[in-house]
Amino acid sequence: MKCDKNTFAEILEKHRGIIHKVSMLYTSNKEDQEDLFQDICFQICRSYNTFRDEAQFSTWLYRVALNTAISQVRKNKSKTASETFYENIHYASMKNNEGDGQVQHLFKAISRLNRIDKALILLWLEEKSYEEIADILGISKSNVSVKLVRIKRKLSETINGLKK
Amino acid sequence: MKDDELKNIWNMINDDTLGFEALHMTKDQIISDRSGSIQNKVKAMLQNDLILKSVSGIALLMNLVFYWGTTEVIFICLGGILFLAIMTTIEWKTLQGLNRISDPGLSTREALSNIMIYIKRKANLYEISIASSQVLIFVPGLLIYFYLVYGQVKPMTGISFAVFTTLALIGTFGSYARIRTQIKYHIQYLHIALSDLNESSLQYAFNAIDNKRKQDNIVKTLVYFLVIFGFIALIAVLKSALG
């Protein structure tokens, strides 16, 4: 399968949200975020011919997006997101303005996780099943379960701390 | 905090929440933007280094004043200023060249080819030039330190001299390796992007690089010679001044 202009536009239209979230979580400033967004889009298009119909498209897409993000972070010597970066999120278009602070806290809490834990929690928040998460990240289902319990506890503690 | 609460917060984010322009871009636009961003990163790298080199120039001039009358140090400073002038010219010309190739009227393919040809051709030169800033900061810095603390160049034992030389070399090679890795990554991206757009564009870029190879090799050899000769001369004069 070749990624022509139409396919590319279609992928971008349908999945821009998740590419956006991944690029936001793995970068430290707006410029890097845009670069990562573009890199992920580019990688998706380049790897499109490796996509096999037997896998769910979104599973494949998450895998490409996260692998690109994780390898970028490694290349950039793990520049972690500054927490002030998340304070610049545009809230005007949010579904619920009351949640402004909560989203900021969630982003800040996730920014404190390591790159693999970030991927895990992102997939869980995106309603992926344990099987899918295990498949995307190449770890066992039981490992996903154990790690998620720990990450969620850590997130809750951080968010509660930020609220005070 | 319960699972549902976390997911509810997450679901408050919609596609436009992070307000960002790239949402309706075409593949060509994305590649073109990314290439522009690579070009800007290389430019920023050169601009930052030019600032560092200006600091080094000031430090060398200060040393000329401080050590007026100490022949060896004056030789080091004059040599340093000459070396600095050559490296600064190389960087300045590279920067001008990068500005020249950013023509908004070019197609994505032409812009990509131009950036790749230019960065690939000049990579070695500015990698060396940027790395040389380490020595150009280290040596005048050391001389200023001696002047401020001891009022003169302090004689060094063989071991101290070896330690300082090793530190300068580690700094220089470390900086060279870091810049080289960054540039290599950028070139790799441009290479992939270009091959993805059109095989003939990539071939055109390679041909252009090949055609200029002979001319580039002469300049590179001269710069390598200058760096090695300059470093040996520096060690010799420093040894005589500090030893």
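A nonpolar core is a set of buried Ala, Val, Leu, Ile, Met, Phe, Trp, Tyr and Cys residues joined through side-chain atoms within 4.5 Å, where buried means under 20% relative accessible area (1.4 Å probe, protein chains only). The views below come from a predicted model, in which local features need pLDDT of at least 70, side-chain atom pairs count only at pLDDT 80 or more, and totals for chains, interfaces and linings use all residues. Residues are numbered from 1 along each chain, chains are lettered from A in the order written, and side-chain values use heavy atoms, without hydrogens or water.

**View 1. The largest nonpolar core draws on both chains.** Among its 53 residues, Val22(A), Tyr26(A), Ile110(A), Ile121(A) and Trp10(B) touch the most other members. Helices (DSSP runs of H or I, at least four residues) that each supply at least two residues include α1 (5–25) of chain A and α1 (3–11) of chain B. The top contributor is α3(A), with nine residues.

**View 2. Trp10(B) meets residues of chain A.** Counting contacts as heavy atoms within 4.5 Å, and leaving out residues up to four places away in sequence, Trp10(B) touches Lys21(A), Leu25(A), Leu106(A), Phe107(A), Ile110(A), Leu122(A), Leu125(A) and Glu126(A).

**View 3. Helices α5(A) and α6(A) meet through nonpolar residues.** Here Ala119(A), Leu120(A), Leu123(A) and Trp124(A) of α5(A) face Tyr130(A), Ile133(A), Ile136(A) and Leu137(A) of α6(A) in contact. The residues of this contact are eight nonpolar, no polar and no charged, with Ala, Val, Leu, Ile, Met, Phe, Trp, Tyr, Cys and Pro counted as nonpolar, Asp, Glu, Lys and Arg as charged, and the others as polar.

Technical notes
Buried < 20%, exposed > 50% of the residue type's maximum accessible area, 1.4 Å probe, protein only.
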